Amino acid sequence: MALLSLRDVSFGFGSPPLLSHVDLQIERGERVGLLGRNGTGKSTLMKLMVGELPPDQGLIEQQQGARIARLVQDVPVGRAGTIFDEVAAGLGPEGIAVAAQFHLHHPDAALSDLERVELERRAESLNHDIGWQLEHQIEQMLERMQLDPLTPFERLSSGMKRRVLLGQSLVSEPDILLLDEPTNHLDIDAIRWLEDFLQRYSGTLIFVTHDRVFLQRLATRIVELDRGRIFDWPCNYTTFLERKEAALAAEEQQQALFDKKLALEEIWVRKGVKARRVRNEGRVRALKKLREERKARRDKIGNVKVEIQEAERSGALVVDVKGLSYEIGGRSIIRDLTTTIMRGDKVGIIGSNGSGKTTLLRLLLGELTATSGTIKLGTNREVAYFDQLRAQLDEEKTVAENVSAGKDMLMINGQQRHIIGYLEDFLFTPERTRSPARYLSGGERNRLLLARLFSKPSNVLVLDEPTNDLDAETLDLLEELIVGYPGTVLLVSHDRAFLNNVATNTLVFEGDGHVRDFSGGYDDWLDQRRAVAETASDRLPSVPPSRPIAQTPAEGARRRTFKEQQELTQLPKRIELLEIEQRELHTLMGSTGFYQQDKQVIAKSTKRLAEIEQELNHGFARWELLESLAE
């Protein structure tokens with residue numbers, strides 16, 4: 001029996017339904033990437049799986065004793081407890097009682113008399129043996145997640161809060177873990193930590209994400225929601241994209257043939273009435289059936305149609321920075337930065353949360369004054385600024401009013417456009433444009449912010465985390481627009497694929513206020529950083545870009561044995577052979593006829609691919625360990 005099954009499930013808040021007679025089986029150990037356009041029902045499907053919503057029709061079954069946990073998309077605010085309290089809450093009422101017992105007996109817990117009385121009340125019903133077991137379970141999870149139990153939850157960054165909430169979801173040892181946009185607002189270091197953690201996770205994983213690198217590294221199966229139906233793709237993300245394109249082309253061809261047949265039958269029935277008294281009633285019934293099929297058909301959702309309004313060209317020089325330093329309260333945010341940004345540059349900015357990326361943007365725009373150094377701003381700059389956190393929408397105004405300030409017409413690239421038509425390019429229906437902004441989803445909010453941004457002419461585009469909650473199709477279009485934009489772009493993003501595709505150079509915060517300028521995007525930065533590290537240490541062999549660099553042996557470290565030296569010598573060749581086999585399997589599984597074979601053949605290849613991934617992870621970890629030993 002499957003771990004989780006959906007049988008003939010339908011659900012909707014209106015017409016058309018979000019899910020229409022769908023079937024889905026989830027097996028143990030799978031890592032399922034759940035895809036779909038914004039608003040197609042991905043979060044709703046997760047709520048149905050975990051039992052937060054009942055289906056309108058159909059059956060949702062799970063294996064007896066199976067447990068499901070869900071990590072929600074939004075980080076909660078206003079939580080007054082500690083990290084231990086938050087993780088313990090994942091065990092329900094018993095976990096809350098264990099947290100009370102933990103604080104009562106912890107030597108570092110400073111409690112008032114009132115707090116002690118309340119904690120004793122919570123802990124009094126807890127069985128001693130069960131309490132000890134659960135406390136040990138929580139402590140193991142805290143150690144695994146590298147968390148300090150007494151740190152107040154509210155003091156944590158967004159990335160650390162997500163880590164705590166992940167621990168809360170995992171502490172009950174669920175068989176299925178549901179993750180809804182787990183990388184939102186995380187910095188790159190936190191995203192990579194999460195990727196590595198989930199790759200080692202042995203349970204079943206179902207996740208929604210807009211991060212294409214995250215999706216490619218984790219997903220072993222793609223489940224796509226499209227127009228109320230579920231499409232199952234037993235492959236990784238890259239292979240899915242190839243197959244999806246072919247499937248859409250076939251669907252368009254089939255629909256074109258259907259429409260042609262329907263048009264011919266409509267002509268026949270009109271001419272046939274005049275030519276004959278007795279019509280072919282069977283053919284008339286068939287025509288009625290064709291009409292019903294066409295009426296019921298849900299066409300593919302259109303793509304966002306975006307044009308960036310161009311202002312007059314800026315000067316060739318946009319910003320010239322020499323020896324720039326900036327301090328707040330004696331703390332160095334930026335230290336001795338020198339860089340030049342010219343017209344047409346697409347500059348990515350990378351750094352951990354709180355490192356100073358937004359401060360750097362404000363300095364480059366002339367909104368802040370440097371502590372030392374010089375900033376020379378170019379001439380004729382028209383700046384358009386997208387900031388998901390600062391560019392607030394008026395919740396009570398309609399979607400249209402948030403863009404047009406009550407006007408019916410907009411001037412877009414020298415042409416008058418009606419606000420309704422303009423917003424339709426951003427996939428807002430006429431009805432949606434008249435509804436208040438408070439009803440918008442995360443993806444719709446971002447599309448509305450982009451609509452407002454692009455309604456004004458610019459030659460310098462500043463984008464602060466523009467990709468959160470956008471579906472893949474909108475991301476692709478935004479990338480094309482930025483690449484083709486003749487002006488200058490300053491881009492803060494944690495989306496590695498987005499940076500790779502658009503950035504001509506990258507400013508990277510490397511700690512202690514040091515910001516370095518690298519050519520290219522995210523992967524180019526990794527390659528250049530690695531090259532610098534290898535030159536400095538003068539060590540071989542090099543480690544592939546996606547893997548960590550081995551640490552330099554510490555003084556006094558244990559020396560390698562003769563057997564370990566032989567193993568280290570053989571490891572690079574072994575890893576190379578595994579990677580060749582991995583590429584060959586990906587090519588085989590991406591072929592059109594692969595999934596028409598016997599199920600045992602498909603299962604054997606899928607199993608071998610998983611084994612190779614485990615062997616590679618072990619091999620790289622072993623390589624790093626052996627490299628860290630002294631010769």
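Q: Buried means under 20% relative accessible area, exposed over 50%, and partly exposed in between (1.4 Å probe, protein chains only). Why is Arg 217 called partly exposed?

A: Arg 217 has 26% relative accessibility. That value lies between the two cut-offs, so the residue counts as partly exposed. The model is predicted: local features need pLDDT of at least 70, side-chain atom pairs count only at pLDDT 80 or more, and totals for chains, interfaces and linings use all residues. Residues are numbered from 1 along each chain as its sequence is written, and side-chain values use heavy atoms, with hydrogens and water left out.

Q: How do you know that Glu 195 is buried?

A: The relative accessible area of Glu 195 is 0%. This is under the 20% limit, so Glu 195 is buried.

Q: What makes the contact of Arg 217 and Glu 195 a salt bridge?

A: The term requires a side-chain nitrogen of Lys or Arg within 4 Å of a carboxyl oxygen of Asp or Glu. For Arg 217 and Glu 195 the N to O distance is 2.6 Å, so the pair meets the rule. Arg 217 belongs to helix H8 (residues 212-218) and Glu 195 to helix H7 (residues 188-200), so the salt bridge ties together parts that are 22 residues apart in sequence. Helices (H or I, at least four residues) and strands (E, at least two) are DSSP runs, numbered from the N terminus.

Q: Which residues are linked with Glu 195 and Arg 217 in a network of salt bridges?

A: The network also includes Asp 196, Asp 211 and Arg 496. By the salt-bridge rule, the count comes to 28.

Q: Why is the pair Glu 224 and Lys 244 also called a salt bridge?

A: The closest N and O atoms of Glu 224 and Lys 244 are 3.0 Å apart, which is within 4 Å, so the pair qualifies. Glu 224 lies in strand E8 (residues 221-226) and Lys 244 in helix H9 (residues 237-275), so parts 20 residues apart in sequence are tied together. Both Glu 224 and Lys 244 are buried.

Q: How do you know that Arg 516 and Glu 510 form a salt bridge?

A: Their closest N and O atoms are 3.8 Å apart, so this pair too is within the 4 Å limit. Arg 516, at 35% relative accessibility, counts as partly exposed, and Glu 510 does at 34%.

Q: What makes E2 and E4 edge strands of the sheet E2-E1-E4?

A: Two strands pair if DSSP finds at least two bridges between them. Strand E2 (19-26) and strand E4 (57-62) each have a single partner strand, so one side of each is left without a neighbour in the sheet. The pairing in this open sheet is antiparallel.

Q: How do you know that strand E1 pairs with E4?

A: Strand E1 (residues 4-11) and E4 share five bridges, and at least two are needed, so they pair. In this pairing, Ser 10 stands opposite Gln 57 in E4.

Q: What makes E10 and E11 a pair?

A: Strand E10 (residues 317-328) and E11 are joined over eight bridges in the antiparallel sense, so the requirement of at least two is met. Leu 324 stands opposite Leu 337 in E11.
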